[in-house]
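Good morning, and thank you for the opportunity to present to the group. I would ask you to keep the sequence and the structure in view while I speak.

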Amino acid sequence: MSGIRPTGYLHLGNYFGAMRNYVRMQDEYPCFFMVADLHSLTTHPDTRALSESVRRVLAENIACGLDPEKVALYCQSHVPETTELYLYFNMLAYKGELEKTTTFKDKARLQPDNINVGLLTYPVLQAADILLHRAHLVPVGKDQEQHLEMSRNFAQRFNHRYGEVFPEPQAFNYGQELVKVPSLDGAGKMSKSENQNATLYLADDDETIRKKLMKAKTDAGPTEPNQPKPDYIDNLFSLMRLVSSSEVVAEFEEAYTGCTIRYGDMKKQLAEDMVRFISPIRERAAAIHQDDAYLKKVMQIGAEKARESASKTMVQVRAAMGLNYY
Ligand code: TRP
């Protein structure tokens, strides 16, 4: 089970960090992938753009290979059982631990005029998302580790107080393959909101992709054989390894080692390989995004599958809590 917030455009980091794992998991496990529209209200109270963002995220995920027939692909707000479980978990969560959460402190700093209680209980809602399906594995990045730990705590507290209902969910990724997708300005990873010129979005058109890559920082090149690569050059090789053939990567590695590399040529090659990688995804996503009838069906079928799983859990939850009076 995992969730995707419908804020911002998906980028190459999301693809290699998350979506590629989802696509692989769908053939190995029963999966639930959810668009976290309720979570987005904690930071984006204006809902005018929400419907558009939700549809775009769905389209982009399907374009990346998620198959709505194999997995449950749904919107959080279409599964009201989520908010019921959230309520029960709120009685098991302590104000002190929520206030200490890193993401809460960060967001409170970013929006000092809107430190709403939804922001405080964000991890409680996330625990409800996950435990609603009694999920064991949650494919997420490092930034979600603390939320998962809290989910395990709420599960333990519930089980301890009312009886064993929930497993303890763990963060999941395919082993060694935790890939880093560096930002094009040499500073950190690609990110949804930071430097848009240093991030490649799955919605970028071909010219934009070429422009962003050609602007990436390089230098005059290595001056002696086997010189270690500066970070910004290493980053270009990292990106190349993601989208270019192994022959192409080997060719440029060799040219680097032998000091014959021309970064202009390398960036041109990388740009063409990147365009070849991103453009089919972008075009599929655009076509799906336009297909209202299809997206409506995807959402309906997804909600049906998610609610079926959710209602089974909630029967157990209410029984364990003694809320079944007749
Ligand atoms: N908090 C997650 C993020 O910011 C999104 C999310 C919401 C989520 N519910 C979830 C992730 C459940 C995993 C499982 O990316």
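I shall speak about the pockets and cavities, then the salt bridges, then two backbone angles, and finally a patch on the surface. Please bear in mind throughout that this is a predicted model.

Let us begin with the empty spaces. The second largest pocket holds about 190 Å³ of space. Which residues line this second largest pocket? The lining consists of Met1, Met25, Tyr29, Pro30, Cys31, Phe32, His133, Arg134, Ala135, His136 and Leu137. Sorted by character, these lining residues comprise eight nonpolar, two polar and one charged. I ask you to remember Arg134, one of the residues in that lining, as we shall return to it.

I turn now to the cavities. How many cavities of 30 Å³ or more are counted? The count is two. The largest cavity has about 50 Å³ of space. Around the largest cavity we find Ser183, Leu184, Gly186, Ala216, Lys217, Tyr232, Asn235, Leu236 and Leu239. Five of the residues in this lining are nonpolar, three are polar and one is charged.

The second largest cavity contains about 30 Å³. Its lining is made up of Thr103, Phe104, Lys107, Leu119, Tyr122 and Pro123. Two elements, α6 (102-110) and α8 (122-131), each give two or more residues to the lining of the second largest cavity. Helix α6 provides the largest share of that lining, namely three residues. Here the division is four nonpolar, one polar and one charged.

We proceed to the charged side chains. Across the whole structure, a search finds 19 salt bridges. I have selected three pairs for today.

In the first pair, the side chains of Asp46 and Arg48 form a salt bridge, with a distance of 2.6 Å from N to O. Asp46 is partly exposed, at a relative accessible area of 44%, whereas Arg48 is exposed, at 75%. Why do these two residues fall into separate classes? Arg48 counts as exposed because its 75% is over the 50% cut-off, and Asp46, at 44%, is not over that value.

In the second pair, Glu253 and Arg241 meet through their side chains in a salt bridge of 3.3 Å, N to O. Glu253 belongs to helix α12 (residues 246-257) and Arg241 to helix α11, so this pair ties together parts that are twelve residues apart in sequence. Glu253 is partly exposed, with a relative accessible area of 22%. Arg241 is also partly exposed, with 45%.

In the third pair, a salt bridge joins the side chains of Arg262 and Asp265, again with 3.3 Å from N to O. Arg262 is exposed, its relative accessible area being 58%. Asp265, at 37% relative accessibility, counts as partly exposed. Salt bridges with shared partners also join Asp206, Arg282 and Glu283 into one network.

Let us stay with Asp265 for a moment. This residue is found in helix α13 (residues 263-290). How far apart in space are Asp265 and Met214, C-alpha to C-alpha? The two are 9.8 Å apart in space, although 51 residues separate them in sequence.

Next, I should like to consider the backbone. Most residues other than glycine have a negative phi. With that in mind, let us look at two residues.

The first is Arg134, which we met in the lining of the second largest pocket. Arg134 is not a glycine, yet its phi is positive, at about 50°. This residue sits in the loop between α8 and β4 (137-138). With 23% relative accessibility, Arg134 is classed as partly exposed.

The second is Asn226, also not a glycine, with a positive phi of about 60°. Asn226 is placed in the loop between α10 (206-214) and α11 (231-243). Is Asn226 buried or exposed? Asn226 is exposed, and its relative accessible area is 60%.

Finally, I come to the surface. Leu323, Tyr325 and Tyr326 form a nonpolar patch there, and together they have about 490 Å² of accessible area. Tyr326 lies in the segment after α14 (292-321). Its relative accessible area is 95%, and Tyr326 is thus exposed.

To close, I would draw your attention once more to Arg134, which takes part in the lining of the second largest pocket and has a positive phi. Thank you for your attention.

Definitions and conventions: Residues numbered from 1 in each chain as written. Predicted model: local features only at pLDDT ≥ 70, side-chain atom pairs only at ≥ 80, totals over all residues. Heavy atoms only, no water. Patch = residues over 30% accessible without salt bridge, like charges linked within 9 Å, V, L, I, M, F, W, Y side chains within 5 Å. Areas by Shrake-Rupley, 256 points an atom, 1.4 Å probe, with all protein chains shown as cover. Salt bridge = Lys/Arg side-chain N within 4 Å of Asp/Glu carboxyl O. Helix = DSSP H or I, 4+ residues; strand = E, 2+ residues; numbered from the N terminus. Buried < 20%, exposed > 50% of the residue type's maximum accessible area, 1.4 Å probe, protein only. 1 Å grid on protein atoms, 1.4 Å probe; cavity = no way out; pocket = protein on both sides within 12 Å on 5 of 7 lines; lining within 4 Å. Points joined across faces, edges and corners; volume = space filled by probe spheres on them. Nonpolar A, V, L, I, M, F, W, Y, C, P; charged D, E, K, R; others polar.
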